[in-house]
Amino acid sequence: MVTLEAYINPTLATGTVTFYNGSTAIGTAAISSTGYSTTGIALLETTFSSIGPQSITAKYSGNNFYSASTSAAMSIGV
């Protein structure tokens, strides 16, 4: 099992983050406070069906105050 993390700044950026492996959505996590003054976090525990490099992106849903956005892809080894 792997825990994917997305840090969101500022903490007022509520909503959800959907994690993708390539173009396939692998799960959605709610943003919660980390206890720090400026950062929220979304955590998703997942497993992968294949070994090797995985290209992970995180897409923030947006809310009334902040626009939706997508992270740059990050490669992880499984």
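**Notebook: Thr18 and the core**

I looked up Thr18 and found it in strand 2 (residues 16-21); strands (E, at least two residues) and helices (H or I, at least four) are DSSP runs numbered from the N terminus. The model is predicted: local features need pLDDT of at least 70, side-chain atom pairs count only at pLDDT 80 or more, and totals for chains, interfaces and linings use all residues. Residues are numbered from 1 along each chain as its sequence is written, and side-chain values use heavy atoms, with hydrogens and water left out.

I checked burial next. Thr18 has a relative accessible area of 17%, so it counts as buried (under 20%; exposed is over 50%, partly exposed in between; 1.4 Å probe, protein chains only).

I then listed the contacts (heavy atoms within 4.5 Å). Beyond four places in sequence, Thr18 is in contact with Ala25, Gly27, Thr28, Thr57, Ala58 and Lys59.

I turned to the largest nonpolar core (buried Ala, Val, Leu, Ile, Met, Phe, Trp, Tyr and Cys joined through side-chain atoms within 4.5 Å). It has 14 residues, and Ala6, Ile8, Val17, Phe19, Ile31 and Ala42 touch the most other members. Strand 1 (2-8), strand 2, strand 5 (40-46) and strand 6 (53-60) each supply at least two of its residues. Residues touched by Ala42, leaving out those up to four places away in sequence, include Leu4, Ala6, Val17, Phe19 and Ile31.

Last, I looked at the whole chain. I counted 8 strands and 0 helices. Buried residues make up 31% of the 78 residues. The C-alpha atoms fill a box of roughly 40 × 25 × 15 Å along the principal axes.
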